[in-house]
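I set out to read this model from one annotated site outward to the helix packing, and I note here what I looked up along the way.

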Amino acid sequence: MVALPLGNCILVRSHSRTIAVTATFSTLPGYTLLDMHAARQRNIKPGSPSQDRKVAGNGSEQFFVAGWQSWHRYKNRRACPGEAYEPTEVEHVANIFTHAISIVPALCGTAYLVSLSRSSAQTLAAIVYGLSLVALFGMSTAFHCSCYYACESKTKFRLHICDRATIFIFIGCSYTPWLLLRETEPVYAGFLTLTVLWLMVAGGILYQLKYHEKNKHLETLIYLFIGLTPAAAIIPSMLDHRSLWNLAQGGAVYVVGLVFFKCDGIVPFAHAIWHLFVVLGASIQYFAVVHHLYPSEASTS
Ligand SMILES: [Zn+2]
């Protein structure tokens, strides 16, 4: 067994008494987190072979270094309230990679939708929706790169706000093709929902600018509210209900993914897993747009 570094801490087990319990690990009987400073003072090194050892300078305490499931080395401790979670090196790379790989497909998807367009409304919807996908993955990649390369905190802060604001814009753009291209009863219902939706998006962005990260739970609830309420409005008014099921499936994938969005420091790679849910949800909704709002390739050639 070896001592495992967990961010600024290592996990150890004390024979005699608890050394320094943190809220995150206090539920593990007999185990505790020791911060690096305290560990150095007690001459316990991460990666050192496990053995009962007399602690230097204090013969009355005995520690042995705890082994821990190997996957725990891939995550850091959970952030305290008001603190940002600090991903491990591999988590940083996974966060960048999981969205960076989607930028080029999003660009190709935009070009493909434009090529299928046969009306100015379809072209407009293709550009708005396609570019929102590119912006979502691009902004997320830029933000996570700034975290990995430890950019100046101001740059990181601005990119984080842009990343979060882009999610609001993406929600608005995801509904836009449906509200623009599908007939509704009454006719103005689509435009009315579109207007209210974009007002909510603007409100969400203003909230981000003013209260960024002040209340993370409220932020998540706002995303859910703006993401789900337009669906409740369009289902009764849309004449053609085909494929709305795909729209709902994509939405459900985002909602399930939110569980991981909230699991930083509990599940290793939680944020990267959330990214993968976003990619999956976006893909389901993209193919629904292609198949149900645009003419097929065969019919356009
Ligand atoms: Zn992210």
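I started with His-271, which I find in helix α9, the helix that runs over residues 270–293. The model is a predicted one, and I keep that in mind throughout these entries. Counting around His-271, I get 20 other C-beta atoms within 10 Å, and because 20 or more is the cut-off for buried, His-271 is classed as buried. Leaving out its neighbours within four places in sequence, I list Pro-87, Glu-91, Asn-95 and Asp-264 as the contacts of His-271.

Next I looked up His-275, which also lies in helix α9. For His-275 I count 27 C-beta neighbours inside 10 Å, so I enter His-275 as buried. With the neighbours within four places in sequence again set aside, His-275 is in contact with Asn-95, Thr-98 and His-99. I note that Asn-95 appears in the contact list of His-271 and also in that of His-275.

I then checked the annotation. Which residues does the UniProt "binding site" cover? According to the unreviewed UniProt entry, the annotation takes in His-144, His-271 and His-275. These residues span 132 residues in sequence, yet no two of their C-alpha atoms are more than 11.4 Å apart, so I record that they gather at one spot.

From the site I moved on to helix packing, beginning with helix α3 (residues 103–116) and helix α4 (residues 120–148), whose axes are 8 Å apart and pack at an angle of about 175 degrees. An angle over 145 degrees counts as roughly antiparallel, and I therefore describe α3 as roughly antiparallel to α4. On the α3 side I find Ile-103, Leu-107 and Leu-113 among the residues that meet α4, where the partners include Ile-127, Leu-131 and Phe-137. Sorting this contact by class, I have 11 nonpolar residues, 6 polar ones and no charged ones.

My last entry concerns helix α5 (residues 153–181) and helix α6 (residues 188–211), whose axes come within 9 Å and cross at roughly 175 degrees. That angle makes α5 roughly antiparallel to α6. Among the residues of α5 that meet α6 I note Arg-164, Phe-168 and Tyr-175, while the α6 side includes Leu-197, Trp-198 and Gln-208. The residues of this contact divide into 13 nonpolar, 6 polar and 1 charged.

Conventions
Residues are numbered from 1 along each chain as its sequence is written. This is a predicted model: local features need pLDDT of at least 70, side-chain atom pairs count only at pLDDT 80 or more; totals for chains, interfaces and linings use all residues. UniProt positions are given in the numbering used here, feature names are shortened, and annotations may be inferred rather than shown by experiment. Helices (H or I, at least four residues) and strands (E, at least two) are DSSP runs, numbered from the N terminus. A residue is buried if 20 or more other C-beta atoms lie within 10 Å of its own, exposed if 12 or fewer, and partly exposed in between; C-beta atoms are placed from the backbone. Two residues are in contact if their C-beta atoms, placed from the backbone, lie within 7 Å. Axes are lines fitted to C-alpha atoms, for helices over the stretch in contact, and angles run from 0 to 180 degrees between N-to-C directions. Angles under 35 degrees count as roughly parallel, over 145 as roughly antiparallel, 65 to 115 as roughly perpendicular and the rest as oblique. Ala, Val, Leu, Ile, Met, Phe, Trp, Tyr, Cys and Pro count as nonpolar, Asp, Glu, Lys and Arg as charged, and the others, Gly among them, as polar.
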